[in-house]
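I opened this notebook page to record what I looked up in the structure, one topic at a time. The entries follow the order in which I went through them.

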Amino acid sequence: MPLDRPSGGRYSLTMVTVGFHASHEQISPAQLLKDVQHAERAGFDAAMCSDHIEPWSARQGHSGFAWSWLGAALATTGLRFGVVTAPGQRYHPAIIAHASATLACMFPGRFWFAPGSGENMNEHITGDPWPAKDLRQRRLEECVDVIRRLHRGEEVTHRGLVTVEQARIWDVPDSPPPLIAPAISVDTARRAAAWADGLVTVNQPAPKLRDMLAAYRDGGGKGKAVLQVHLSWAGSEQEAAAIALDQWRTNTFAPPIPWDLPSAGHFDGIGEHVGEEQVRGAVNVAASLNAHAEWLSDYVELGFDELYLHFVGQQQDAFIDAFAAEVLPQVRTTDQASTEPQLAAATVTPASDAPA
C-alpha cells in the first residue's frame, strides 16, 4: 500500500485485515485458545501472538509456550496466525526453522513469524552472556539466513555468532512462511528491508510510524506493513485507564531498559511509580468505541495493511464482542477524508525492539 494518500477526495478502507492479538503473558494458554476461537466467531480476520517465557509483570502472571499453542490454534480455527519470536539464544535457529516449517506444511498459507533480536528477560535462561544490541542484530541476521536456507531444504553448516552443523529439515513447505521484521526504530526498519518479507511494529506517534514505513519501503522492503495496537476499552474512561495502568505500566519504558532487564520482578520495580499519563503514551485508552475506530482508521491511512488489536485487559470477551460489532465494520468500510491522522499521542518509545 502507498504511504501517501491523494490530497483530495475520499477513499474506501476495504483492504485492511483486522486481527486479534493473543497475549501469552497475560492469559493462560487454555483461556487464550478459547479467546481466539471467540474472536474468529465474532468476525476478526486473523491473529498474532507473543512468544515469552517471562511476563512483563507478576500482575500479568502467565507465559504459555507459543509454539505449542499455535498448533492448537491453527487446528481449531481457520485464521491466519503470526508470532513474534527471537532465534539465536533461547532458540537455536534450526529449531525455529523446524517448528515454522512444520506449521507451514500443516497449514499452508496460514502462518508467518517475526524473528527479532530478543529481550534479556526471555533469553537469560540459557546462562549465556546477553550480547550488546549490535551483536544481537548481527546474530539475528545470521539466523534469518540459516532459517531461509533450511526452509529451502538445504543442508546447512554455519559458523559465526551462531553455529550450525549439517542441519537439514526433511519436511519443508512448498511455500516457506513469510519472515516479517519486527522493528521499533527507523534504523531497524531500514536495515530490515534487506531481508524481510514485511514489517511489523507497534502503535507510536504518526510521524514516527510514517518515517519507519518510508525507511523500509525506500530501502527496498516489500510485503505487508503490520501494526500491533495496544488499547484499553471499558464502560467508563476511568475503568479503561485503570486496566491499562494495572496491566501495561511496565511496558512504558524506552530502550535499552526493556531489552536488558532480566525478570518480571525488575519490571514491576521500575513500574511502581508509573502514572496514567505515561501509560496513555503507550496504550490507546478510551471508553468510546468511535474513538478507537478513528485511531485505527488513521493507522490504515498511514499505510498499514494489517492491524492486530491488543486489548491489554485480561478478560477478552466483552472487548471481542464490542469491537467486532462496532469497530471492525467502521475500520473496514467507512470512507475517510485524506487529512493528517489524529493518532493517540505517544510520549514514550514502546517497551521493546519487537512487538510483544
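Working from a predicted model, I began with helix H13, residues 317-333, and checked its length: at 1.5 Å a residue its 17 residues should span 24 Å, and because its end C-alpha atoms are 24 Å apart, the two values agree. I also looked along the helix for a change of direction, and noted that H13 bends by about 45° at Ala 324. Ala 324 is itself one of the buried residues of H13, a list that also holds Phe 319, Ile 320, Ala 322, Phe 323, Val 327, Leu 328 and Val 331. I then asked what these buried residues pack against, and found strand S2, helix H1 (29-42), strand S10 (224-232), helix H12 (289-302) and strand S12 (306-311).

Since S2 appeared among those partners, I turned to Thr 17, which is found in that strand, residues 17-22. I recorded Thr 17 as buried, because its relative accessible area is 15%, under the 20% cut-off. Setting aside neighbours within four places in sequence, I listed its contacts as Asp 45, Ala 46, Arg 80, Asp 305, Glu 306 and Leu 307.

Next I looked at a pair of helices, H2 (residues 66-76) and H3 (residues 93-106), whose axes come within 11 Å and cross at roughly 5°. I therefore entered H2 and H3 as roughly parallel to each other. On the H2 side the contact is made by Trp 67, Leu 70, Gly 71 and Leu 74, and on the H3 side by Ile 96, Ala 99, Ser 100 and Leu 103. Sorting that contact by class, I noted six nonpolar residues, two polar ones and no charged ones.

I followed the chain to His 92, which is found in the loop between strand S4 (80-85) and H3. Is His 92 buried, partly exposed or exposed? I entered it as partly exposed, because its relative accessible area is 34%, which falls between the 20% and 50% limits. His 92 and Val 162 are 70 residues apart in sequence, yet I found their C-alpha atoms 7.9 Å apart in space. Leaving aside neighbours within four places in sequence, I noted that His 92 is in contact with Thr 163 and Val 164.

A second loop position I checked was Ser 117, placed between strand S5 (111-115) and helix H4 (120-123). I recorded Ser 117 as buried, with a relative accessible area of 8%. Ser 117 and Gln 89 are 28 residues apart in sequence, and I noted a C-alpha to C-alpha distance of 9.4 Å.

I then went through the backbone for unusual geometry, bearing in mind that most residues other than glycine have a negative phi, and most peptide bonds are trans. Gln 166 has a positive phi of about 50° although it is not a glycine, and I placed it in strand S7, residues 163-167. At 58% relative accessibility, I counted Gln 166 as exposed. The peptide bond from Pro 255 to Pro 256 is cis, with omega near 15°, and I found Pro 256 in the loop between helix H8 (237-248) and helix H9 (257-260).

Last, I noted the totals for the protein. Its secondary structure comes to 13 helices and 13 strands, and buried residues make up 58% of its 356 residues. Among contacts between residues at least 6 apart in sequence, I recorded that 78% join residues at least 24 apart.

Conventions: Residues numbered from 1 in each chain as written. Predicted model: local features only at pLDDT ≥ 70, side-chain atom pairs only at ≥ 80, totals over all residues. Heavy atoms only, no water. Helix = DSSP H or I, 4+ residues; strand = E, 2+ residues; numbered from the N terminus. Buried < 20%, exposed > 50% of the residue type's maximum accessible area, 1.4 Å probe, protein only. Contact = heavy atoms within 4.5 Å. Expected span 1.5 Å × (residues − 1). Bend = angle between axes of the 7 residues up to and from the residue. Axes fitted to C-alpha atoms, helices over the stretch in contact; angles between N-to-C directions. Parallel < 35°, antiparallel > 145°, perpendicular 65-115°, else oblique. Nonpolar A, V, L, I, M, F, W, Y, C, P; charged D, E, K, R; others polar.
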